[in-house]
Each structure stands twice: as C-alpha cells, then as structure tokens.
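Hi everyone, thanks for making time for this. I'd like to walk you through one chain today, so please have a look at it first.

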Amino acid sequence: QVQLAEFGGGLVPPGGPLRLSCTADRSISTIWAMGWYRQAPGMERELVAAIGSGGDTNYGDSVKGRCTISKDNAKNTIYLQLNNLDETDTAVYYCHAAPDPLGAPEYDSWGPGTQVTVSS
C-alpha cells in the first residue's frame, strides 16, 4: 500500500486559510484518485476534495467555492487549499489514495490524519 503523511494541520483562526499537503512514499502519477477527507466530532467522515490521475477534481458540498485540490507528481504530493474557515471546518483531515480504478477499498491507503482546529 501507498504510505501517506499529512502536513500543515494545527490551529487556524476563523476566516483564515488552510494549506495542507500530503506526501506519498512512491509515485502518485498513476494512482487512480487521491484526495482529502475529514471527520469532525460526532460526524461521519466526509469527502473534502478529490483529484483523479487526469486532473479532474471533485469537492464536497460543504467546501465548494472555497476549496482547491492540486497535485505535484514530481513531488509525490497533493495539496489542499481551503479558505474562509469557520468552526465547522474543525476536524481531523485525512489524506487518501485509491489506486484501484474499480474502487476496491482494500487497496486504499489512508494517512494518519492531521487535526485542524478553527479557533481564535
């Protein structure tokens, strides 16, 4: 499985931007899809953003319009830019890789997660 590590979490002031990165231990250029999920207290894990190997993107409803996912294949890294944060964005953010184009979950990889707390 792909090993993933998230960076950039921490305390974010309300209204502030968030920039996360996720680095894989191998090439990501041929991974079918990669993305970010988050899980807030008392809530189920939800999609934040995903990006396919061809560059197509998908965003969760709660972040549409203020979120951008990108990738740098040369650095084996994906990024998440999220703007105008409020307390509802407080969650553990997880990096995700889905190598299987058929979506078999046993091939998925998850990072350990990084806590993002929106607070003044």
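Before anything else, one definition: when I say two residues are in contact, or touch, I mean that they have heavy atoms within 4.5 Å of each other. And please keep in mind that this is a predicted model.

With that in hand, let's start at R66. It sits in the loop between β6 (57–59) and β7. Is R66 buried or exposed? Its relative accessibility is 17%, and because the cut-off for buried is under 20%, R66 counts as buried. Which residues does R66 touch, once we skip those up to four places away in sequence? They are Q81, L82, N83, N84, L85 and D89. For Q81 we also have a backbone distance: its C-alpha atom is 8.1 Å from that of R66, with the two positions 15 residues apart along the chain.

One of those partners, N84, deserves a stop of its own. N84 belongs to the loop between β8 and β9. Its phi is near 55 degrees, which is a positive value in a residue other than glycine. N84 has a relative accessibility of 53%, so it counts as exposed. There is another asparagine to look at here: N76, in the loop between β7 and β8, has a positive phi of about 55 degrees and is not a glycine either.

Now let me zoom out to the whole chain. How many helices and strands are there? The chain has 0 helices and 11 strands, so reading along the sequence you simply get β-β-β-β-β-β-β-β-β-β-β. Of the contacts with a separation of 6 or more, 55% are between residues 24 or more positions apart.

On overall dimensions, the C-alpha trace spans about 40 × 30 × 25 Å along its principal axes. A compact globule of 120 residues would have a radius of gyration near 14 Å, and the chain agrees, with 14 Å.

What about the inside? Of the 120 residues, 42% count as buried. In soluble globular proteins, nonpolar side chains tend to be buried together. Here, the largest nonpolar core has 29 residues, and W36 and Y93 are the ones with the most contacts inside it. Strands that each supply at least two residues of this core include β3 (18–24), β4 (33–39), β5 (46–52) and β7 (67–72). Further along, β8 (77–82), β9 (91–98) and β11 (114–118) do so as well.

And the outside? The accessible surface comes to about 6300 Å², and carbon and sulfur atoms hold 50% of that. For those of you thinking about electrostatics, there are 8 positive and 13 negative side chains, with the centres of the two sets 6 Å apart.

Two last stops, towards the ends of the sequence. G9 is in the loop between β1 (4–7) and β2 (10–12). At 34% relative accessibility, G9 counts as partly exposed. Beyond its neighbours within four places in sequence, G9 is in contact with L20, T114, Q115 and V116. The C-alpha atoms of G9 and R19 are 8.0 Å apart, and these residues are 10 apart along the chain.

Finally, S120 comes in the segment after β11, and with 90% relative accessibility it counts as exposed. Its C-alpha atom is 9.8 Å from that of G15, although the two are 105 residues apart along the chain.

That's my tour, and I'm happy to take questions.

Technical notes:
Residues numbered from 1 in each chain as written. Predicted model: local features only at pLDDT ≥ 70, side-chain atom pairs only at ≥ 80, totals over all residues. Heavy atoms only, no water. Core = buried A, V, L, I, M, F, W, Y, C linked by side-chain atoms within 4.5 Å. Buried < 20%, exposed > 50% of the residue type's maximum accessible area, 1.4 Å probe, protein only. Helix = DSSP H or I, 4+ residues; strand = E, 2+ residues; numbered from the N terminus. Rg over C-alpha atoms; globule rule 2.2 N^0.38 Å. Areas by Shrake-Rupley, 256 points an atom, 1.4 Å probe, with all protein chains shown as cover. Lys, Arg positive; Asp, Glu negative; His and termini not counted. Charge placed at Lys NZ, Arg CZ, Asp CG, Glu CD.
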